[in-house]
Amino acid sequence: MAVFNKAEVLEELGDDVEFLKELSELFIDGLPEQMDDIKKAISINDNVLLNKAAHKLKGGAGNFGKNAVYETAFRLETIGKEGNMDEAMEVYSVLEKEVEQLVNELNAI
Amino acid sequence: MRILIAEDDPVSSRRLETILEKWGYEVVSCINGMQAWEILQEEKAPKLAILDWMMPGMDGLELCRKIRGRTNGPYIYIMMLTSKDDKDDIVKGMDTGVDDYITKPFYSHELKVRLRAGRRIIDLQTELIEARDAFELKATHDALTGIWNRGAIFDILKLEIERSKRDKRDLGVLMIDIDHFKHINDNYGHCVGDVVICDIVKRLTIKIRPYDGIGRFGGEEFIVVLPGCNNHVVSGIAERLLTAISEMPVGTNEEMIPVSISIGACVPENVGNINFESIIKAADDALYRAKDDGRNCFRMTDVTDV
């Protein structure tokens with residue numbers, strides 16, 4: 001199952017495929033740093049940092065509709081906000097897979 | 001219309017830029033609150049701002065507080081763009097002075113209509129400011145000549161009197177009257193009379209300094225306020241004005257009309273004792289003496305009289 005709804009996103013962008021490609025490239029370029037920030041926050045058990053880093057990823061991912069990466073980043077943001085970091089690493093593993101899939105789907109446009 | 005985007009996420013920023021430009025906005029973007037604040041200080045700064053809530057350094061909320069704390073500058077319509085959809089945050093934002101908010105991920109249609117609502121407010125304010133400025137111009141300027149009207153030149157004189165007292169500085173005042181103006185009106189009609197007034201005012205305005213004030217006192221009478229001028233300087237300026245008017249007739253469609261003016265001057269010796277009424281009266285008295293002495297001349301009130 002696809003992690004993002006291409007037709008819906010394209011419609012939102014005025015059916016401009018080139019524009020979607022441009023946004024995808026920008027998003028993909030920023031991903032390694034954003035994922036690193038989240039991973040680092042979890043590894044040092046800093047929930048405030050996790051909240052901020054996950055929020056940022058969510059913001060970028062949100063430009064591609066309410067996709068799986070958006071939802072999972074939101075979960076991590078909430079974990080960071082509430083401060084109970086027990087599940088953070090587990091959720092991060094899910095996020096990694098979804099990010100990989102989203103990148104593949106975006107690259108395939 | 002120019003619009004400011006303050007957004008640190010490059011994807012969101014690019015998406016906003018592209019769609020706003022497509023809608024005809026001129027976009028100015030930046031990536032943090034401090035940059036946005038600096039852009040908003042510029043002349044012709046955007047009046048519409050889309051601010052991200054979470055930004056490094058100064059966040060959107062803090063920036064909004066700073067903008068609303070300004071006492072000068074035009075109103076800036078602030079739209080907060082944020083993925084925070086918590087009710088408390090929205091209340092906090094609106095309390096701080098945010099005009100509207102839109103939650104991320106946003107839908108462009110919604111953004112479009114919300115921006116349109118913001119533009120209505122800005123357009124309304126622009127219209128009000130323009131109307132206010134136009135009325136202010138009308139309220140302070142003479143409709144025929146464009147120089148200060150009676151009320152405005154009186155205010156300027158009062159202000160200069162206070163300034164002279166404070167700085168212990170000289171102040172000269174001229175009362176000017178166009179010679180035989182009734183005769184011009186009776187012979188050529190009021191329209192020609194208006195042309196004569198305008199031409200004379202133009203010549204007078206050229207001959208005074210940029211920081212002097214000139215206003216229309218009545219029909220063919222004018223007041224010139226000369227800050228920082230002693231007897232000697234005032235005499236020189238008065239002579240210059242007399243020459244500027246009498247050296248050349250006023251050309252109208254009808255014919256060339258020879259013109260001259262009479263000037264009553266007043267330079268109080270002791271600025272500490274002067275008041276508005278006495279200075280006007282002294283200049284007026286001097287003007288009557290100039291008229292009695294044959295016109296096209298200036299007389300100065302003996303400074304000890306004031």
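Start with the second largest pocket of this predicted model, which has a volume of about 250 Å³. To display its lining, select A:Gly30, A:Glu33, A:Gln34, A:Asp37, A:Lys40, A:Leu49, A:Lys52, A:Ala53, A:Lys56 and B:Pro10. Two elements of chain A, α2 (17-43) and α3 (47-61), each give two or more residues to this lining. The largest share, five residues, comes from α2(A). Colour the lining by class and there are five charged, three nonpolar and two polar residues.

Keep α2(A) on screen and go to the second largest cavity, with about 30 Å³ of space. Select A:Leu26, A:Phe27, A:Gly30, A:Leu31 and A:Gln34, then add B:Asp9, B:Pro10 and B:Val11; these residues line the cavity. At least two lining residues come from α2 of chain A, and at least two from α1 (10-22) of chain B. Here α2(A) gives the most, with five residues. The classes in this lining are five nonpolar, two polar and one charged. A:Gly30, A:Gln34 and B:Pro10 belong to the lining of the pocket and also to that of this cavity.

Stay on helix α2 of chain A and select A:Ser24. Is this residue buried or exposed? A:Ser24 counts as buried because its relative accessibility is 2%, and the cut-off for buried is under 20%. Show its neighbours next: leaving out residues up to four places away in sequence, A:Ser24 touches A:Phe64, A:Leu106 and A:Ile109.

Now bring up both chains and look at the contact between them. How many residues does each chain put into the contact? Chain A gives 20 residues and chain B gives 17. Between them the chains bury about 1700 Å², with 57% of that area on carbon and sulfur atoms. On the chain B side, select B:Val11, B:Arg15 and B:Pro105: these supply 34% of the area that chain B buries against chain A, more than any other three residues. B:Val11 was already on screen as part of the lining of the second largest cavity.

Three salt bridges are counted between chain B and chain A. For one of them, select B:Arg15 and A:Glu12, whose closest N and O atoms are 2.8 Å apart.

From there, move to B:Pro105, in the loop between β5 (100-103) and α5 (108-140) of chain B. Check the peptide bond that leads into B:Pro105 from B:Lys104: the bond is cis, with omega near -5 degrees.

Next comes the largest cavity, which holds about 50 Å³ of space. Its lining is B:Trp53, B:Met80, B:Thr82, B:Asp89, B:Ile90, B:Gly93, B:Met94, B:Val98 and B:Tyr101. Both β4 (77-82) and α4 (87-96) of chain B supply at least two of these residues, and α4(B) has the largest share with four. By class the lining has six nonpolar residues, two polar and one charged.

Finish with two backbone checks in chain B. Select B:His180, in the loop between β6 (171-178) and α7 (181-188). Its phi is near 50 degrees, a positive value in a residue other than glycine. B:His180 is partly exposed, with a relative accessible area of 48%. Then select B:Asn296, in the loop between α10 (276-292) and β12 (298-300). B:Asn296 is not a glycine, yet it has a positive phi of about 50 degrees. With a relative accessible area of 35%, B:Asn296 is partly exposed.

Conventions:
Residues are numbered from 1 along each chain as its sequence is written. Chains are lettered from A and ligands numbered from 1 in the order in which they are written. This is a predicted model: local features need pLDDT of at least 70, side-chain atom pairs count only at pLDDT 80 or more; totals for chains, interfaces and linings use all residues. Side-chain values use heavy atoms; hydrogens and water are left out. Buried means under 20% relative accessible area, exposed over 50%, partly exposed in between (1.4 Å probe, protein chains only). On a 1 Å grid over the protein atoms alone, a cavity is a set of points where a 1.4 Å probe fits but cannot get out, and a pocket is an open set with protein on both sides within 12 Å along at least five of seven lines; lining residues have an atom within 4 Å of a point. Grid points are joined across faces, edges and corners, and a volume is the space filled by probe spheres set on the points. Ala, Val, Leu, Ile, Met, Phe, Trp, Tyr, Cys and Pro count as nonpolar, Asp, Glu, Lys and Arg as charged, and the others, Gly among them, as polar. Contact means heavy atoms within 4.5 Å. Buried area is the accessible area (1.4 Å probe) that two parts lose on being put together, summed over both. A salt bridge is a side-chain nitrogen of Lys or Arg within 4 Å of a carboxyl oxygen of Asp or Glu.
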